[in-house]
Amino acid sequence: MKKIEINEVFKEDWNRVLNHIANLFYEDSKIVVSAEDAELSFRFQHSIDEDYTIHTACNLTVDGQKYTSNYSIHYETEGTEKEQGIRMKRALSHVMLDVLEQFTGMIQQWGILTGVRPTKLYHNYRKQGKSDEEIYAILKKDFRISDSKIALMSEIVKRQLITIPDLDELGKEISVYIGVPFCPTKCAYCTFPAYAIQSNRKAGRVESFIDGLHIEIRAMGKWLKDNNMNITSVYWGGGTPTSIEADEMDALYKTMFEAFPNPEKIREITVEAGRPDTITPEKIEVLKKWGIDRISVNPQSYTDETLKAIGRHHTVQETIEKFWLSRESGMNNINMDLIIGLPNEGIEEFQHSLDESAKMQPESLTVHTLSFKRASEMTHNKDKYKVADRDTVTKMMDMASSWTKENGYVPYYLYRQKNILGNLENVGYCKPSEESIYNIVIMEEVQTILGIGCGASTKFVNPTSGKITQFHNPKDPAAYIMTFEEAIEKKVEMLNELYNTQVKQ
Ligand code: SF4
């Protein structure tokens, strides 16, 4: 761990932000005030003028060499206490990042932006009436984001507005997420609610979960119908929702179409079929019967050793076969996920994954960068997994970007995660007009996503203020079976509170 000293006791949340900045350069760092064994000592200064101009400065001296940065930003209004805190955190991050870039020679493409949703920030400025040029200037000067990342954000925002021209008015509808928490086995990097289906079936939990899910879909559908609320998109995730049997899927889709209001107005229904080992001709027939034509078949990698190392228990051959089975059975909107930086993978393996993808040309390709999520097996046993260095990971991201361009794909959504390799991002690419509406609405937080089933989070987005509140269904099927009725009640209460107040306004 790298101990980093600062000259002042900052508020806890200021410290946290500065720690994020330090972690962009050092994998594991800790900010402390006055420590004799500190490896780097930063001296900060900060002040606010009466006209709301913030000034920050930062100095670092190492082996007699001095690195300094000064920054000022003017705001038109005093802002709320919360806004003032955000402004100061940004201004301090700005000078610290600048000094660390000078000292290490390492340039951070995302600048001081450590959040998950860069394009939401872009949309916010757009909705304030700012032009692309004005937004570019802000992102460049105040956030220190590189030209190429700003161009990516701008391209994605434009694509999203082509896909969903009424994006800014989508708050009057809702999207639905339905979580089925079972998978054939658990992958090593996984933090999703995913439980091995065989043992749960033996314990009777799969059937009980499905019974509860029917009830929850009906109850939520009733609220939507009673409140004349249309659904924009539905996403079946998990787990792997194709882990259950074909007849179980069929019955659940029947319930969904009966329960949900105006199903003909739903713009998109996606079913994750992430694990190729769960796909069968019978299940594809069920998907087709209900008109569900967007699925995800996720290779992650086209190297068998990698799949084994991350515990996926299916082969590359199986991915390819299941892709073609789906395609030949009439599935005409297939997404495939790849992960950059999987254990023991470098340029060669990733190039191989791209070459294989080229043969299939799925409608969309989502390129993730591996992130070490706190709860995953991979993070707990980090030493066991050898992953590529920052330069290699960056190169692989560039390869994905060029490959998608050459193969006629466009980027349409993007998000970032904490502890993501190389401080990079995850990007969803697709053939033009094959964008996933759900992926856009969830990333840009433009409407409520109603979560149904195991591990499903409901994100209530206030259509007027954009304020977000959340409710989490239990992750574990055993807990879900015991408590789903309470979850229904609570969500109905929260929906009433949010939308009935809105209607009155
Ligand atoms: S297939 Fe997906 S949800 Fe299932 S264990 Fe693997 S990563 Fe987790």
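User: Let's start just after helix 15. Which residue there takes a positive phi?

Analyst: That's Glu445, and keep in mind that we're reading a predicted model. Phi is a backbone angle, so look at the chain rather than the side chain: Glu445 has a phi of about 50 degrees, just after helix 15.

User: And what caps the N-terminal end of helix 15?

Analyst: To read a cap here, look for a side-chain atom facing a backbone nitrogen. Ser436 does the job: one of its side-chain oxygens sits 3.4 Å from the backbone nitrogen of Tyr438.

User: Is helix 15 mostly covered or mostly open?

Analyst: Go residue by residue and count those under 20% relative accessible area. Helix 15, residues 437-444, comes out mostly covered, with seven of its eight residues buried. Those buried residues are Ile437, Tyr438, Asn439, Ile440, Val441, Met443 and Glu444.

User: Now a single side chain. Why does Asn200 count as buried?

Analyst: Same cut-off: buried means under 20%. Asn200 has 6% relative accessibility, so it counts as buried. You'll find Asn200 in helix 6, residues 197-202.

User: Which polar partners does the side chain of Asn200 have?

Analyst: Check its polar atoms against backbone and side chains in turn. On the backbone side, the oxygen of Ala196 lies 2.9 Å from a polar side-chain atom of Asn200. On the side-chain side, Asn200 and Arg205 are joined by a polar contact of 2.7 Å. Setting aside neighbours within four places in sequence, Asn200 is in contact with Phe182, Tyr195, Arg205, Val206 and Pro477.

User: How about Gln65: buried, partly exposed or exposed?

Analyst: Between 20% and 50% is the middle class. Gln65 has 43% relative accessibility and therefore counts as partly exposed. It lies in strand 5, residues 65-74.

User: How far apart are Gln65 and Lys202?

Analyst: Keep two distances in mind, one along the chain and one through space. Gln65 and Lys202 are 137 residues apart in sequence and 66 Å apart in space, C-alpha to C-alpha.

User: Last one: how do the axes of helix 12 and helix 14 cross?

Analyst: Start with the angle. Helix 12 (residues 347-360) and helix 14 (residues 390-406) have axes that come within 10 Å and cross at roughly 15 degrees. Angles under 35 degrees count as roughly parallel, so helix 12 is roughly parallel to helix 14. The crossing is right-handed.

User: Which residues make that contact?

Analyst: Helix 12 brings Ile347, Phe350, Gln351, Leu354, Ser357 and Ala358, while helix 14 brings Thr392, Lys395, Met396, Met399, Ala400 and Trp403. Sorted by type, the contact has eight nonpolar residues, three polar and one charged.

Note on methods. Residues numbered from 1 in each chain as written. Predicted model: local features only at pLDDT ≥ 70, side-chain atom pairs only at ≥ 80, totals over all residues. Heavy atoms only, no water. Axes fitted to C-alpha atoms, helices over the stretch in contact; angles between N-to-C directions. Helix = DSSP H or I, 4+ residues; strand = E, 2+ residues; numbered from the N terminus. Parallel < 35°, antiparallel > 145°, perpendicular 65-115°, else oblique. Left-handed = near helix turned anticlockwise from the far one by under 90°. Contact = heavy atoms within 4.5 Å. Nonpolar A, V, L, I, M, F, W, Y, C, P; charged D, E, K, R; others polar. Buried < 20%, exposed > 50% of the residue type's maximum accessible area, 1.4 Å probe, protein only. Polar contact = N/O pair within 3.5 Å; in protein donor to acceptor, adjacent residues only side chain to side chain.
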